[in-house]
Amino acid sequence: MERIYLDHAATSPMHPNVIDRMMTVMSHDFGNPSSIHAFGREARHVLDEARSSIATSVGAGRNEIIFTSGGTEADNMAIIGVANANKEKGKHIITTEIEHHAVLHTCQFLEKSGFEVTYLPVNEAGLISIDDLKAALRDDTIMVSVMYGNNEVGTIQPIAEIGQLLKGHQAIFHTDAVQAYGLISIDVRGLGVDLLSVSAHKINGPKGIGFLYMREGLKLNPHLYGGEQERKRRAGTESVPAIAGFAEAVLIAQSMMDKKTEQYLQFKDVLLAVFDEADVQYEINGSMEQSLPHVLNVSFPGTNVESMLVNLDLAGVAVSSGSACTAGSIDPSHVLVAMFGKDSERTKNSIRFSFGLNNTEQEVRQAAETTVKIVNRLVRK
Amino acid sequence: MNKAPQDTRVVVGMSGGVDSSVSALLLKNQGYDVVGIFMKNWDDTDENGVCTATEDYNDVIAVCNQIGIPYYAVNFEKQYWDKVFTYFLEEYKAGRTPNPDVMCNKEIKFKAFLEHAVSLGADYVATGHYAQVEYRDGEYKMLRGVDNNKDQTYFLNQLTQEQLEKVMFPLGHIDKKEVREIAKEAGLATATKKDSTGICFIGERNFKEFLSNYLPAQPGDMVTMDGKVMGKHDGLMYYTIGQRHGLGIGGSGEPWFVAGKDLKRNVLYVCQGFDNDVLYSNSLLAVNVSWVAEHIPAGEFVCTAKFRYRQEDSGVKVKVMENGDVEVIFDEAVRAITPGQAVVFYDGEVCLGGGTIDEVFKKGEKLTYVG
């Protein structure tokens, strides 16, 4: 059975060039970048080059990039590290109801240690309102964390507008760009973003590496102590091969961005055209316009997500519900609950298709046809 | 169905225990298209965030990867709550001793789960139950497991033709010792895992404490049949007929046992001596009776019956009434018949069906103190 992978928002295959680059670094540049000898210098060179090209990709300076173990650590570091370093200015944080758990659970953790958090609601398209944000903003607000593109439904938030709004306010602006990075052109200065989280494995890089962009001059309490790596903001010997692979993945993503966007939008059209032709009943969760090109979340009335995902997997099509699992069973997605309310059937009958490297139109069509067959079977009962 | 094994999809209900693990392994070795599914029926996340369901699912994952089959989970918490747990509480409230496992098999494992499996293209579902299904004389028969000590037909008594035609019990023809050996030989992650005991959603916890979270306990008097107060009980729901432990009646002579309850007066009846005549009865009325066979028996017939799990069979005469309820008359008086428990009928090795014990009689007279 030919398997089709349409779950690139969960994780993505590594690009062959990334693997080559990492193999090279692992084979030749094993030194510790902090060492004073030639081996160390070679590794340091690899690290510096990677840092520069990654910084450039978001319009940042190289001293503004902190390598982390991934998106989750970057989010934790941004929120906990910066909130604690600025708590004398206030204890109020604003975020949204549709953040990734790496942000939501981190905010909930801060609430337990005395911070106050406002969770902004979203409309049915998954968008927050700037007016809500304005209304929530207080003199003692020290941080606003709004995700760039949602991982479950793809909705893109008005990041530049928020950045504009926060100009002249003490609140530090963080955005979780894990899902948007690589498909949306990001310029931290233009956006007015102070902190931005990115993960490598979503963009065909290796797992276990990510970065936090932190604007020069911001205060941060580190959560790891030890050596002086990352300018004392994150101790621990750098994973040089992973960072080199990450940089390679970034270069590829940057050069392919327009082509990928065009291709994935085309995939969305193909998928929906197959559903339309087969006269399958469906609704799109989120916005078709203000959305990440590679994420499409679809509700199929009369089905249930547990049955859909298992049937699709048994038929060789890998998709997901985008939401968390407990003991392997699927909890209703907090994002869909925020969009449609907890009693909506959509929270129980929606699945996420997400496109990426190596997907072909033929595959997408085939996956859509398989989906149609399963939906028809489940709905007919 | 005459499909080749590789074209026959069998969905195995996997609990994370050794029995269902070996069931899946045996089916896989027979060449079936096996899919493992874990049912999450109860959320028991404790204050430390630890949930036995998560631990069990991790065992399912390990075993399925060892066997080489796909695994998934399905959540039936709502169905379980509505169909099994609500019934469980209602029965306790009514002073009876329910059997949630019978209800779970009827409503969850062989209904909700079976339907889910069919929606995944399953030809059969399989579990790790010790029972056998045979197609004989134009219909499906349910037979006791060959390991008589582990036989679980008592809990499966509500299954019917419709379900049995889609059910496989791969462990029915082997004994528990062999199951452990197969698991060890295959190096399965669950090979030496302890068997679960007691009611699944209570697990190893204190039963009294668990129940008190859901039902208010009303302490009252513990009295003999002729009204002598012997002490206090903690709440009628904590006691079952024939129970010896936990009464706390000291003194000399033979031990004391629970003989019955009076819900209205909140009184627990006790009697002295294991073989006290008060504990014995001659017949019962069973309701919610279900028969395995397509043709529901009518009139009277003779067979054997079990009134509790792992009890020896007793000879009985069964009278089927028009409304479907049955009167069960014992060849010899039987001790500690308990309303709420199942009565299950057998013809030799064949399980005929069963029902819920509703009323208990002694020489034709209803034992009001039993319920």
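These questions and answers concern a predicted model, with a focus on helix 9 of chain A and on chain B.

Visitor: Is helix 9 of chain A mostly covered or mostly open, and how many of its residues are buried?
Guide: Helix 9 of chain A spans residues 305-314. Buried here requires 20 or more other C-beta atoms within 10 Å. The buried positions include A:V305, A:M308 and A:L312. The helix is mostly covered, with a buried count of 8 of its 10 residues.

Visitor: Which elements of chain B help cover the buried residues of helix 9 of chain A?
Guide: Part of the cover comes from chain A itself, including strand 14 (350-354) and helix 11 (361-380). Chain B adds to this cover. Its elements there include strand 3 (71-75) and helix 4 (100-119).

Visitor: Which element gives the most to the side of chain B that touches chain A?
Guide: The contact takes 16 residues from chain B and 11 residues from chain A. On the chain B side, strand 2, helix 2, strand 3 and helix 4 each supply at least two residues. The residues of that side divide into 10 nonpolar, 5 polar and 1 charged. The top contributor, with 4 residues, is strand 3 of chain B.

Visitor: What radius of gyration does chain B have, and why does it agree with a compact globule?
Guide: Chain B has 371 residues, so a compact globule of that length would have a radius of gyration near 21 Å. The C-alpha atoms of chain B fill a box of roughly 65 × 55 × 35 Å. The value for chain B agrees with the globule: 22 Å.

Methods: Residues are numbered from 1 along each chain as its sequence is written. Chains are lettered from A and ligands numbered from 1 in the order in which they are written. This is a predicted model: local features need pLDDT of at least 70, side-chain atom pairs count only at pLDDT 80 or more; totals for chains, interfaces and linings use all residues. A residue is buried if 20 or more other C-beta atoms lie within 10 Å of its own, exposed if 12 or fewer, and partly exposed in between; C-beta atoms are placed from the backbone. Two residues are in contact if their C-beta atoms, placed from the backbone, lie within 7 Å. Ala, Val, Leu, Ile, Met, Phe, Trp, Tyr, Cys and Pro count as nonpolar, Asp, Glu, Lys and Arg as charged, and the others, Gly among them, as polar. The radius of gyration is taken over C-alpha atoms; the globule rule is 2.2 Å times the number of residues to the power 0.38.
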